[in-house]
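I opened the structure today to work through its sheet and its cysteines, and I kept these entries as I went.

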Amino acid sequence: MEKGQIMIICGEGKGKTSAAIGRGISGASKGKSVIIIRFLKGKVKEKDEFIKRLEPEIKVFSFEKWDVDYESLSPEEQQEEALNIRNGINFARKVMSTDGCDILILDEVLGLVDRGIITEEELTALVEAKDESMELVLTGINMCDSLYSYADNVVQIAALK
């Protein structure tokens with residue numbers, strides 16, 4: 001059985017999600033099952049609708065209720081949305097423990113720590129729970145220092161112009 005890699009795609013530049021989805025499409029083209037769980041981006045958008053055409057090889061999940069991104073919500077709505085997002089984290093944990101896919105992409109999961117929705121320790125514990133053969137891709141602007149030792153690849157995307 002092949003060891004699953006852990007890849008972190010971070011940085012201020014645009015393209016982190018696209019790079020992660022590209023990784024998923026590459027895996028799906030080789031017969032691997034892919035699950036994408038989106039965080040902090042509101043309900044499913046056009047890009048996800050396109051990816052949904054690739055089911056059953058690639059499945060996209062979002063646990064957020066609101067149509068807008070997290071920062072646009074009122075404090076009360078953010079509190080409610082944080083509970084929904086935590087359900088997404090619990091789903092990711094279940095996927096990891098049940099061998100639910102070959103490639104799991106947690107899009108913008110790093111941003112959950114920045115916003116205090118989950119702790120760095122909770123994210124590290126999630127990464128530690130990864131099945132040995134599963135490939136895990138994490139995206140977000142800021143990488144948690146504690147994740148560096150778990151990562152096989154860290155890609156930092158920066159805008160040059």
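**Entry 1, strand β1.** The model is a predicted one, which I keep in mind throughout. I began with strand β1, residues 6-10, and asked how many of its residues are buried. Five of the five are, so the strand is largely enclosed by the rest of the structure. I then looked at the two faces separately and found both covered, with Ile6, Ile8 and Cys10 buried on one side and Met7 and Ile9 buried on the other.

**Entry 2, partners of β1.** Next I looked up what β1 pairs with. Strand β5, residues 135-140, pairs with β1 in the parallel sense over five bridges, and within that pairing I noted Leu138 of β5 as the bridge partner of Ile8. Strand β6, residues 153-156, also runs parallel to β1 and is joined to β1 by four bridges; here Ile8 stands opposite Val154.

**Entry 3, the whole sheet.** In what order do the strands lie in the sheet? I read the order as β3-β2-β4-β5-β1-β6, six strands in an open sheet with parallel pairing. The edge strands are β3, residues 58-62, and β6, each of which pairs on one side only. From one strand to the next, the twist averages 15°.

**Entry 4, β4 and the helix on the sheet.** I moved along to strand β4, residues 103-107, which pairs with β5 in the parallel sense over four bridges, and I recorded Leu136 in β5 as the bridge partner of Leu104. Helix α3, residues 75-97, packs on the sheet and touches β2 (34-38), β3, β4 and β5. I also noted the direction of helix α3, which makes about 160° with that of β2.

**Entry 5, cysteines.** Since I often have to think about cysteines at the bench, I asked how many disulfides the structure holds. The number is zero. For Cys10, which is in no disulfide, the nearest cysteine sulfur is that of Cys144, at 9.9 Å, whereas a disulfide would need the two sulfur atoms within 2.5 Å. Is Cys10 buried or exposed? Cys10 has a relative accessible area of 7%, and the cut-off for buried is under 20%, so Cys10 is buried. Cys101 also counts as buried, because its relative accessibility is 3%.

**Entry 6, where I stopped.** I return to Cys10 to close, having met this residue twice: on the side of β1 that also carries Ile6 and Ile8, and as a buried cysteine that is in no disulfide.

Note on methods. Residues are numbered from 1 along each chain as its sequence is written. This is a predicted model: local features need pLDDT of at least 70, side-chain atom pairs count only at pLDDT 80 or more; totals for chains, interfaces and linings use all residues. Side-chain values use heavy atoms; hydrogens and water are left out. Buried means under 20% relative accessible area, exposed over 50%, partly exposed in between (1.4 Å probe, protein chains only). Two strands pair if DSSP finds at least two bridges between them. Axes are lines fitted to C-alpha atoms, for helices over the stretch in contact, and angles run from 0 to 180 degrees between N-to-C directions. Contact means heavy atoms within 4.5 Å.
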